[in-house]
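User: I have a model on my screen and a list of terms I only half understand. Can we go through them one by one?

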Amino acid sequence: MLHRRRFLQLGSAGLSAISLLSFKKATPAGRKPIVISTWDAGINANKAAWQVLRNGGRALDAVEQGVMVTEAEQSCCVGLGANPDRDGFVTLDACIMDEHFNCGSVAALERIKHPISVARRVMEKTPHVMLVGQGAQQFAVSEGFPLEAQKLSDDAAKEYKKWLEKSEYKPVINVERTKGQSAFAPNKLSNGDWNHDTIGMVAMDANGNLSGSCTTSGMGFKMRGRLGDSPIIGAGLYVDNEIGAATATGQGEDVIRIAGTHLVVELMRQGLSPEQACKTAVERIIKIKGAKAKDIQVGFIAINKKGEHGAYCIQKGFNYAVCYADDHNELIDGKFIL
Ligand code: SD4
C-alpha cells in the first residue's frame with residue numbers, strides 16, 4: 001500500500017506508470033474499472049465511458065455517456081440517422097440498468113436524439129420500467145428533451161428509396177462486417193459500411209459496481225410497431241450486481257425467445273466464465289433455430305464481478321470493444337460457432 005504522501009508526490013505520470021504495472025501483472029480477471037461494448041462503434045463509445053470511469057465515476061453514468069456518443073453519430077446507424085421502418089419512420093429503442101436492479105426503457109420512440117437518457121429518466125423519475133411510442137415521446141418532451149425534425153438522414157433516405165423499389169420484408173439481420181456476402185446483408189449502406197443498428201455497453205466502475213445500456217434503431221425496414229430485444233430488460237440487457245452484466249446484438253426476436261442476457265447472467269451465476277456463458281446462450285439459439293440459424297446473427301458480450309469479459313456469436317463477423325486503461329481500448333473479434 002502506498003504511503004499517502006508518496007502517492008501524492010507521484011503525480012499523474014507516476015500513477016499511470018503504477019497502474020500500467022498493475023494492469024500488466026493482472027490476469028484478465030483483474031480489470032477494474034472496465035467497459036465493453038458491441039461492434040466497432042464501441043471504440044468511440046468506450047472512450048466517453050472511460051472518461052467517467054477513470055475519474056472514479058459511476059458505471060451508470062459511464063454507460064449512459066458512452067452510448068450517447070453513438071446515438072449522436074449520424075454516420076452510425078444507431079439514433080436518428082438510422083434506417084427507418086417500412087413506413088419511413090425512425091423509431092428508437094433503449095434501456096439502461098444500474099447496480100440496484102433499477103431499470104428504465106423506452107421503445108418505438110420517435111424524434112428524440114438520446115433515447116438512452118430518456119430511458120434513464122423513466123428509471124429515475126417514474127414508477128415504471130417501460131414507456132413506449134407517443135407516451136414515451138410525451139414524457140421525453142415533458143422532461144425537456146427537444147423534439148427533433150422528422151427527417152431521414154441522407155444515407156437513410158437513399159437506403160429507404162432503394163428498399164422501396166422491392167419493399168421486400170426480410171427479417172434477416174446484420175451479419176455485419178462480412179463485406180461481400182450480400183445474402184446476409186440487408187443493411188449495407190451506400191457508403192459501403194455495414195449497418196450496426198445497435199450498441200450495447202456494460203461496465204464496472206472502480207467501486208466494483210456494474211451497469212449497462214443498450215440503444216438501437218432496431219431492424220432496418222422493420223414492420224411499424226416492431227420491437228426487438230434491445231429495450232427489453234433480460235433480453236437485450238441485464239445486470240445483477242452480485243454476478244455480472246450482459247448485453248446483446250443481432251436478431252432481437254431470437255434473443256427475446258431465450259431471455260438472452262438474463263440467461264447469460266444466470267449461467268455466470270452457476271460458475272461459467274463470461275465467454276462460456278455467452279457461448280452457451282448462443283448454442284441454445286442455434287439449437288432452437290436448427291438449419292435456420294445460418295441465416296441470422298446474434299452476439300452476446302458480458303463481464304462478471306471479477307472484471308473478466310467475454311463474447312460469443314452465431315457466425316463470424318461480430319466484434320466488441322474492450323477498454324480498461326487510458327491506452328487500452330481494443331476491438332476483439334467475437335468467437336463464433338457456425
Ligand atoms: C433488434 N437487436 O432490434 C436489435 C438489432 C441489432 O445490430 O442488434 N442490430 O433486434
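Analyst: Here are some short questions on the terms, each with its reasoning.

Analyst: Keep in mind that this is a predicted model. The chain has nine helices and 13 strands. Of its 338 residues, 55% count as buried.

User: Why is Met 130 called partly exposed?

Analyst: Its relative accessible area is 36%. Buried means under 20%, and exposed means over 50%. The value 36% lies in between, so Met 130 is partly exposed. Met 130 sits in strand 4, which covers residues 130-132.

User: What makes Met 130 eligible for a nonpolar surface patch?

Analyst: A patch residue needs over 30% relative accessible area and no salt bridge, and Met counts among the nonpolar side chains. Met 130 has 36%, so it passes the area cut-off. Val 129, Met 130 and Val 132 together make a patch of about 230 Å².

User: Which strands form the open sheet, and in what order?

Analyst: Five strands form it, in the order 7-8-9-10-13, with mixed pairing. Strand 7 (237-240) and strand 13 (335-336) are the edges. Each has a single partner strand, so one side of each has no neighbour in the sheet.

User: How do you know that strand 10 and strand 13 pair?

Analyst: Pairing takes at least two bridges. Strand 10 and strand 13 are joined by two bridges, so they meet the cut-off. They run parallel. Cys 313 has Phe 336 in strand 13 as its bridge partner.

User: What makes strand 7 and strand 8 a pair, and in which sense do they run?

Analyst: Four bridges link them, and at least two are needed, so they pair. The sense is antiparallel. Tyr 238 has Ala 246 in strand 8 as its bridge partner. A hairpin of three residues connects strand 7 to strand 8.

User: Are the faces of strand 7 covered or open?

Analyst: Both faces are covered. Leu 237 and Val 239 are buried on one side, and Tyr 238 and Asp 240 are buried on the other.

User: Why is the link between Glu 308 and Asn 304 called a polar contact?

Analyst: The two side chains make this contact at 2.5 Å. The cut-off is within 3.5 Å for a pair of N or O atoms, so 2.5 Å fits. Glu 308 lies in the loop between strand 9 (298-304) and strand 10 (309-313).

User: Where is Gly 244 relative to Glu 308?

Analyst: They are 64 residues apart along the chain. Their C-alpha atoms are separated by 9.3 Å.

How values were computed:
Residues numbered from 1 in each chain as written. Predicted model: local features only at pLDDT ≥ 70, side-chain atom pairs only at ≥ 80, totals over all residues. Heavy atoms only, no water. Patch = residues over 30% accessible without salt bridge, like charges linked within 9 Å, V, L, I, M, F, W, Y side chains within 5 Å. Areas by Shrake-Rupley, 256 points an atom, 1.4 Å probe, with all protein chains shown as cover. Salt bridge = Lys/Arg side-chain N within 4 Å of Asp/Glu carboxyl O. Buried < 20%, exposed > 50% of the residue type's maximum accessible area, 1.4 Å probe, protein only. Polar contact = N/O pair within 3.5 Å; in protein donor to acceptor, adjacent residues only side chain to side chain.
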